[in-house]
Amino acid sequence: MCEKITILYETREFEHDIYALVKTFYPGAELLSMDKRKEDGSLLSDTECLEESDLVLTVEEGGSFLLRTCSGVRACSEISEEQKCKGQSEKEEMSLVSYTSESEMLSQVLVTDEGYRDRKIQKDRMKKNLYLLLKAHTGRELPWGDLTGIRPVKIAMAMLESGMKNTEIAGHMKSLYLVSPEKTALAVAIANREREILKNIDYNNGYSLYVGIPFCPSICLYCSFSSYPLKVWKKRVNEYLDALCREIRTVAELMRSKGRKLDTIYIGGGTPTTLEPYQLRRLLSCIGENFSYEGIQEFTVEAGRPDSITEEKLAALREFPVTRISVNPQTMNQKTLDIIGRRHTVEETREAFGLARKAGFDNINMDLIIGLPGEDKEMVRHTLEEIQDLCPDSLTVHSLAVKRAARLNMFRDQYKEMSFENNQEIMSMTMKCAYEMGMGPYYLYRQKNMAGNFENVGYAKVDKAGIYNILIMEEKQPIIALGAGGSSKLVFDGGKRIERVENVKDVTNYINRIDEMLERKKNGISTYL
C-alpha cells in the first residue's frame with residue numbers, strides 16, 4: 001500500500017488530470033507534485049525521490065510515463081511517434097494507447113474549434129495511457145475508467161445530441177474512456193431521460209435561481225458546505241434575510257432588464273427550514289413579489305434535516321407554489337446518525353415525512369449517503385427497507401465524498417478504526433430499491449475523494465424528477481445563486497462559455513459587504529448576459 005507518492009513532471013501540461021487519476025487509484029496516499037528540472041538546471045532523478053516516497057511517477061514530454069517503486073518495480077508507457085502525430089497506431093504494448101480514426105471523428109463531431117479538438121485528443125490519449133499503466137500496476141479497474149470529471153453524463157448527452165444511437169454512445173464510452181458496462185448503461189439511460197425532461201426548457205432566454213440559507217441545527221461530520229450552527233447565529237438570521245432580500249430585489253430587476261424568464265427555483269443550504277415560519281413567509285413573499293411565480297416549472301425547498309421540520313413550517317411553505325421538497329435522513333441507522341452528528345432520530349425522519357404528506361406535498365425527495373463510517377451492506381439494506389416503507393417520490397443516492405473542509409477529514413484519526421464501505425454490489429442494491437419504488441435514474445454527478453470511485457445518482461418517479469438538478473449538471477442555462485457562498489454560473493455562447501460570479505462564504509462578511517456583492521452581480525450579469 002502506497003502512503004506517499006511523488007509525481008515528477010517534465011511537463012506540467014494536464015497536471016490536474018494526472019493528479020486526479022493517480023489520486024483515484026491511490027485514494028489514501030499523500031501526493032507530492034515536483035518539477036523534474038531543478039532551479040540550477042539539473043534533473044531530479046526518480047531514485048532521489050524514492051528516498052522519501054513509496055512510488056514515483058515521472059511524467060515525460062509527449063505523454064509517456066515512468067513508474068518506479070521503492071521495492072524496485074519499474075514500469076513504463078510510451079507513445080509512438082505515429083501516435084503523437086496522428087493519434088493512431090496499429091500496435092499496443094503494455095499500456096500503449098491506440099486511437100482509431102473513429103475516435104478522431106468523434107472529437108470532430110463534438111468539438112468545432114480545431115485547437116481545442118487537438119488538445120482534447122492529446123489529453124484523452126494521455127489519460128488512457130496513464131490509466132492502463134496504473135491498472136497494470138495495481139490490478140484495479142475503475143468503474144468510470146479514466147474519466148475524472150464530475151459530469152460524465154455530459155459526454156453521453158453531447159453524443160446523443162450529435163445524432164448518435166445509444167449503442168454507438170456505449171461503444172465510444174467503453175473504447176475511448178474505458179468505462180465499465182454498468183456505468184456506460186447508466187450514463188446513456190440518464191442522458192436520454194435528461195433530454196426528454198429538458199425538452200421544453202428555453203436555454204437562450206431562461207435561467208434558474210438558487211437561494212442559499214447557510215444555517216443548520218448542527219454541522220454534520222462529513223459536511224463541507226458553508227453551514228453555520230443555528231444556535232450561534234439565531235439572533236442574526238433576520239440581518240441575513242435583510243441582505244438576502246436586497247440581493248433578491250437587485251437581481252430580479254437585472255434579469256428583467258435582460259428579458260430573461262425564470263424556469264426553476266431551488267432554496268438550499270444549509271437547511272432552509274431552520275428559518276421560523278414567519279421568516280419563511282418573508283423570504284418566499286420577497287421572491288414572489290420580485291421574480292413572480294407565474295410560469296415557474298419547478299420550485300424546490302430543501303427542507304433537509306428532519307429535526308428542523310414542523311407542521312407550522314410546512315403550512316407556511318404550502319402558502320406558496322412550492323412543488324418539491326426534500327426530507328433527508330442520509331441513513332436510517334441510529335448509531336450512524338449519532339456518529340455523524342445529525343442529532344435527530346430515525347423516528348423524527350418518519351414523523352417529518354408523514355407531516356409533509358399530510359400537508360399535501362406530493363413530490364418529496366429523500367437523500368441517502370453510502371459509505372458512512374461503520375456502515376456495512378446490511379446496514380444499508382436496512383436503510384433501504386425503511387425508505388421503501390415511506391415510499392418517497394424521488395431518491396438521491398450519494399457516495400460519501402470527504403473534502404478538505406469536512407470535520408470527518410480533519411479528525412480522521414478518531415475514525416481510522418471504522419470502515420468506509422462502498423462497492424458495486426451496494427450501489428446496485430440502491431438502484432434495485434429505487435426501481436422497486438417505480439423510480440428510474442434521471443441525473444448523476446461525481447465528486448473528488450468519493451468512496452469507491454462511484455457517483456451520486458438521482459432516481460425519480462414519472463414527472464417527479466428535479467429539473468434544477470439536471471440544469472446545474474448539464475450547464476445549459478445561467479443559474480443565479482443568491483446568499484452567502486452563492487456561486488452564479490453565467491452560461492452563454494450556446495453553452496460554450498461559463499463565467500462565475502462568487503459571493504463571499506462567511507455570513508458576517510456577506511451581511512457587511514452586501515453592496516459589494518450586488519455590484520459583482522451587476523457587473524457580471526451586464527457583461528456576460
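In this predicted model, residues 24 or more positions apart supply 71% of the protein chain's contacts with a separation of 6 or more. The protein chain comprises 529 residues, and 55% of them count as buried. Its secondary structure consists of 20 helices and 18 strands.

The largest nonpolar core contains 99 residues. Within this core, Leu244, Ile267, Ile287, Ile325 and Ile480 touch the most other members. Helix α10, residues 237-257, provides the largest share, with eleven residues. A second core is separate and holds 25 residues, including Val22, Leu55, Met126 and Leu134.

Ile325 was examined further. Residues up to four places away in sequence were set aside. Ile325 then touches Val301, Leu314, Leu317, Ala356, Phe361, Asn363, Ile364 and Asn365. One of these contacts, Val301, is also the bridge partner of Ile325, which lies in strand β11.

Val301 belongs to strand β10, which spans residues 298-304. Seven of the seven residues of β10 are buried, so the strand is largely enclosed by the rest of the structure. Its residues point in two directions. Glu298, Thr300, Glu302 and Gly304 point one way, whereas Phe299, Val301 and Ala303 point the other way. Residues of both groups are buried.

Strand β10 pairs with two strands, β9 and β11. Strand β9 covers residues 261-269 and runs parallel to β10, joined by four bridges. In this pairing, Thr264 has Glu298 of β10 as its bridge partner. Between the two strands, the chain passes through helix α11, residues 277-291. The resulting β-α-β crossover is right-handed. Strand β11, residues 324-327, is also parallel to β10, and three bridges join the pair. Here the connecting helix is α12, residues 311-318, and the β-α-β unit is again right-handed.

A further sheet was found towards the start of the chain. Five strands form this open sheet, in the order β2-β1-β3-β4-β5, with mixed pairing. Strands β2 (30-35) and β5 (74-77) stand at the edges. Each has a single partner strand, so one side of each is left without a neighbour in the sheet. On average, neighbouring strands are turned by 15° against each other, direction ignored. Inside the sheet, β1 (residues 4-9) and β3 (residues 55-59) pair in the parallel sense over five bridges. Ile7 has Leu57 in β3 as its bridge partner. Helix α1, residues 15-25, packs on this sheet. The helix touches β1, β2, β3 and β4 (65-69), and its direction makes about 155° with that of β1.

Charged pairs were then considered. The structure holds 32 salt bridges. One of them joins the side chains of Asp263 and Lys261, with an N to O distance of 3.5 Å. Asp263 has a relative accessible area of 3%, under the 20% limit, and is therefore buried. Lys261 counts as partly exposed, at 41% relative accessibility.

Arg305 forms a salt bridge with Asp307, and their closest N and O atoms are 3.0 Å apart. In this pair the basic residue is the buried one: Arg305 has a relative accessible area of 3%. Asp307, at 25%, is partly exposed.

A third salt bridge joins Glu386 and Arg350, again with the closest N and O atoms 3.0 Å apart. This pair links distant parts of the chain. Glu386 lies in helix α15 (residues 377-390) and Arg350 in helix α14 (residues 346-358), 36 residues apart. Glu386 is buried, with a relative accessible area of 14%. Arg350 is partly exposed, with a relative accessible area of 30%. Elsewhere, salt bridges that share partners join Arg151, Lys154, Glu475 and Lys489 into one network.

Note on methods:
Residues are numbered from 1 along each chain as its sequence is written. This is a predicted model: local features need pLDDT of at least 70, side-chain atom pairs count only at pLDDT 80 or more; totals for chains, interfaces and linings use all residues. Side-chain values use heavy atoms; hydrogens and water are left out. A nonpolar core is a set of buried Ala, Val, Leu, Ile, Met, Phe, Trp, Tyr and Cys residues joined through side-chain atoms within 4.5 Å. Buried means under 20% relative accessible area, exposed over 50%, partly exposed in between (1.4 Å probe, protein chains only). Contact means heavy atoms within 4.5 Å. Two strands pair if DSSP finds at least two bridges between them. A crossover is right-handed if, with the strands pointing away from the viewer, the path from the first strand over the helix to the second runs clockwise. A salt bridge is a side-chain nitrogen of Lys or Arg within 4 Å of a carboxyl oxygen of Asp or Glu. Axes are lines fitted to C-alpha atoms, for helices over the stretch in contact, and angles run from 0 to 180 degrees between N-to-C directions.
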